[in-house]
Amino acid sequence: MKQLLILLLFFSLQTFEKLLIANRGEIACRVIKTCKKMGIKTVAIHSDVDANAVHVKMADEAVCVGPAPTSKSYLNMDAIMEVIRKTRAQAVHPGYGFLSENKEFARRLASEGVTFIGPDTHAIQAMGDKIESKLLAKNAKVNTIPGFDGVVKDADEAVRIAREIGYPVMIKASAGGGGKGMRIAWDDEETREGFRFSSQEAASSFGDDRLLIEKFIDNPRHIEIQVLADKHGNALWLNERECSIQRRNQKVVEEAPSTFLDPETRKAMGEQAVALAKAVKYSSAGTVEFLVDSSKNFYFLEMNTRLQVEHPVTECITGLDLVQEMIRVAKGYPLRHKQADIPINGWAVECRVYAEDPYKSFGLPSIGKLSQYQEPLHVPNVRVDSGIQQGSDISIYYDPMISKLITYGSNRAEALKRMEEALDNYVIRGVAHNISLLREVIIHPRFVQGDISTKFLPEVYPDGFKGKCFWLTWEKHEISVKIFSSVCFFFRIPIAKSKRSSWELSVHLGDGIYPVAVSKHGSSFFVEVDGMKLKVTSEWNLASPLLSVTIDGTQRTIQRISRNASGETSIQFLGTVVSEGQEICVIEAMKMQNSMIAAKTGKVKAVHCKAGDTVGEEDLLVELE
């Protein structure tokens with residue numbers, strides 16, 4: 001009898017037998033994991049260069065849909081529809097990006113009786129158009145940013161509207177997203193220029209050059225509300241996500257909940273988000289984004305009719321699997337939860353780990369093969385959503401995201417401490433990455449205090465991100481340590497064990513030089529610096545990329561970058577390494593400061609100048625090797 005009840009329950013909750021994921025990378029892997037949990041067979045699509053990708057290996061079936069360019073593969077609707085027919089997939093999950101908010105794709109699926117895991121075409125159309133969505137939001141009593149609700153015809157009209165609204169204004173593409181087709185204008189000239197550039201960018205990115213103009217909210221926070229709605233008129237808000245740490249209008253670090261919202265503001269934002277979802281008869285997971293000013297006034301920005309990149313932080317604090325909920329809703333099941341059932345349990349932080357050079361405009365893409373890759377899954381309460389592995393290629397064709405690194409704690413301090421540990425233990429070799437920037441952000445006093453806005457990065461690093469500066473010298477050159485602006489050390493470890501038990505060092509940190517005495521007693525080292533004596537212990541295993549060091553009871557993780565036959569070893573601390581594009585020195589000429597940067601990745605072989613020296617044309621200043 002009990003077994004019969006279990007079988008009846010199972011069949012009563014059946015969804016789909018086979019589901020195709022119209023995406024790639026980490027989000028495809030994320031959807032496949034939930035499908036496996038639900039007993040749903042999966043079909044992966046891939047381009048020719050993704051033939052050996054992780055999502056292809058994870059799926060039950062995989063079919064190539066074209067060559068590398070997205071227009072010929074992951075955006076190729078004809079090829080994808082053919083795979084759906086061939087594999088007899090009953091449903092399609094679009095992930096995010098690509099075809100996830102394409103109403104024509106959703107329409108074509110519906111015409112062939114295939115379920116789109118997302119909202120219907122009406123909601124996609126209404127929320128995908130910024131002008132229409134703003135009018136709908138107003139009618140649903142959602143707070144909106146003051147602005148012009150129509151389409152701006154030309155640059156002259158743009159100037160007239162901007163003057164009526166009052167500067168500064170935001171000029172943005174009606175069909176835009178991801179920071180494309182957006183310009184801030186502070187006067188008439190910038191409005192004319194912004195209209196021209198934004199319309200051109202919107203046309204090339206979205207095939208739609210329509211623009212709108214609205215008041216620019218200076219120094220805002222970007223806070224979004226996760227909503228979940230079914231086909232029976234039920235809708236919930238699943239709390240907020242703080243997404244203010246951004247570069248080029250793209251998110252870098254997210255967390256849930258926000259340090260800024262009080263229960264009253266959270267409830268008001270949640271209720272308005274649900275009102276908007278109901279106004280468009282929304283059914284699925286979606287996100288309503290708001291700008292929030294310093295007085296906690298909030299204004300509707302846009303609604304994303306898909307799963308967000310940062311959805312894991314919401315899953316961590318609510319206990320819900322959003323992909324599973326999307327699949328259940330698409331099959332027609334009502335929501336299983338009431339608003340009162342939605343908790344805020346603990347705190348979650350997400351860092352987007354990119355193959356990017358953070359020293360160039362906070363992150364310009366880097367391509368290459370991952371020669372070594374090790375995720376920090378041994379750290380407690382760490383989740384890594386990725387779609388790559390050691391040996392994977394980061395190519396020019398797709399987004400350079402390596403993974404989403406998520407940590408969870410009972411409170412924010414615990415979640416941030418775990419993130420710090422996870423970043424220190426994340427091994428990525430073969431491409432430049434932004435771990436040094438991520439680590440600096442999460443320990444910065446302003447971030448720790450919750451004093452953030454969308455201007456955080458340019459305000460904290462007005463001259464760009466430079467990393468740290470730390471270097472060492474050793475008497476008699478028994479250990480050769482190189483100088484550069486990062487926390488990465490190069491030194492030689494003798495092949496034969498040294499009989500010495502004490503050393504005198506000179507440590508250069510910032511503008512200071514500090515004498516350091518090191519002595520060895522048994523398996524421990526004692527370091528005397530600036531009147532303090534510290535005990536340092538470690539089990540050095542130079543075959544491992546991770547080296548654990550304990551300093552007066554505090555554990556730290558150092559990464560071994562490389563070691564050559566002569567014993568020369570490079571190590572990384574606080575996530576920073578020397579790489580192409582980093583500043584080596586600054587030359588002052590005619591009262592102008594000129595930054596000299598590394599032309600390639602390497603280490604400093606020699607420095608032939610010191611601060612204050614007068615140098616001439618063609619003088620040798622720094623040697624790299």
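Helices here are DSSP runs of H or I with at least four residues, and strands are runs of E with at least two, numbered from the N terminus. The structure is a predicted model, and the exercises below work through its chain, its cores, its aromatic pairs and its backbone.

**Exercise 1. The chain as a whole**

Determine how many helices and strands the protein chain has, and what share of its residues is buried.

*Solution.* Counting the runs defined above gives 16 helices and 35 strands for the protein chain. For burial, the cut-off is a relative accessible area under 20%, and 52% of the 625 residues of the chain meet it. A further step concerns contacts between residues at least 6 apart in sequence, of which 60% join residues at least 24 apart.

**Exercise 2. The nonpolar cores**

Describe the largest nonpolar core, stating which residues have the most contacts inside it and which elements supply at least two of its residues.

*Solution.* The largest nonpolar core has 39 residues, and those with the most contacts inside it are Ile 245, Val 253, Ile 402, Leu 405, Tyr 426, Ile 428 and Phe 447. Turning to the elements, the strands β11, β14 (347–354), β19 (382–386) and β21 (401–409) and the helices α13 (412–424), α14 (435–443) and α16 (456–460) each supply at least two residues of this core. The next step takes one member, Ile 428, and leaves aside its neighbours within four places in sequence: what remains is contact with Val 353, Leu 370, Gln 372, Tyr 373, Ile 402, His 433 and Ile 435. A second core, separate from this one, has 32 residues, among them Phe 16, Leu 19, Ile 32 and Ile 327. As background, nonpolar side chains in soluble globular proteins tend to be buried together.

**Exercise 3. An aromatic cluster**

Classify the ring pairs Tyr 74 with Phe 98 and Tyr 397 with Tyr 398, and state which residues are buried or partly exposed.

*Solution.* The structure contains 11 aromatic pairs. In one of them, Tyr 74 and Phe 98 have ring centres 5.2 Å apart and planes at 15°; because planes under 30 degrees apart count as stacked, this pair is stacked. Tyr 74 lies in the loop between β3 (61–66) and α4 (77–87), whereas Phe 98 lies in the loop between β4 (91–93) and α5 (103–111), so the pair ties together parts that are 24 residues apart in sequence. Tyr 74 is buried at 0% relative accessibility, while Phe 98, at 28%, is partly exposed. The rings of Tyr 397 and Tyr 398 are 6.2 Å apart, centre to centre, with 50° between their planes, and this pair is tilted. Of its two members, Tyr 397 is partly exposed with a relative accessible area of 40%, and Tyr 398 is buried at 9%. As a last step, the two pairs can be put together, since Tyr 74, Phe 98, Tyr 397 and Tyr 398 form one aromatic cluster.

**Exercise 4. Charges over rings**

Identify the rings over which Arg 247 and Arg 412 lie.

*Solution.* The charged end of Arg 247 sits over the ring of Tyr 354, at 5.1 Å from the ring centre. Arg 412 lies over the face of Phe 447, with a distance of 4.8 Å to the ring centre. Phe 447 has already appeared among the residues with the most contacts inside the largest nonpolar core.

**Exercise 5. Backbone details**

Locate the cis peptide bonds that precede Pro 168 and Pro 257, and place the positive phi values of Arg 88 and Asn 219.

*Solution.* Most residues other than glycine have a negative phi, and most peptide bonds are trans. Tyr 167 and Pro 168 are joined by a cis peptide bond with omega of about 0°, and Pro 168 lies in the loop between α8 (155–165) and β6 (169–173). A cis bond, also with omega of about 0°, joins Ala 256 and Pro 257, the latter in the loop between β11 (250–256) and α10 (263–279). For phi, Arg 88 has a positive value of about 60°; this residue lies in the loop between α4 and β4 and is exposed, with a relative accessible area of 73%. Asn 219 has a positive phi near 55°, lies in the loop between β8 (211–215) and β9 (221–229), and is partly exposed at 37% relative accessibility.

Methods
Residues numbered from 1 in each chain as written. Predicted model: local features only at pLDDT ≥ 70, side-chain atom pairs only at ≥ 80, totals over all residues. Heavy atoms only, no water. Phe/Tyr/Trp six-rings, centres within 6.5 Å; stacked < 30°, edge-to-face > 60°. Buried < 20%, exposed > 50% of the residue type's maximum accessible area, 1.4 Å probe, protein only. Lys NZ or Arg CZ within 6 Å of the ring centre and 35° of its normal. Core = buried A, V, L, I, M, F, W, Y, C linked by side-chain atoms within 4.5 Å. Contact = heavy atoms within 4.5 Å.
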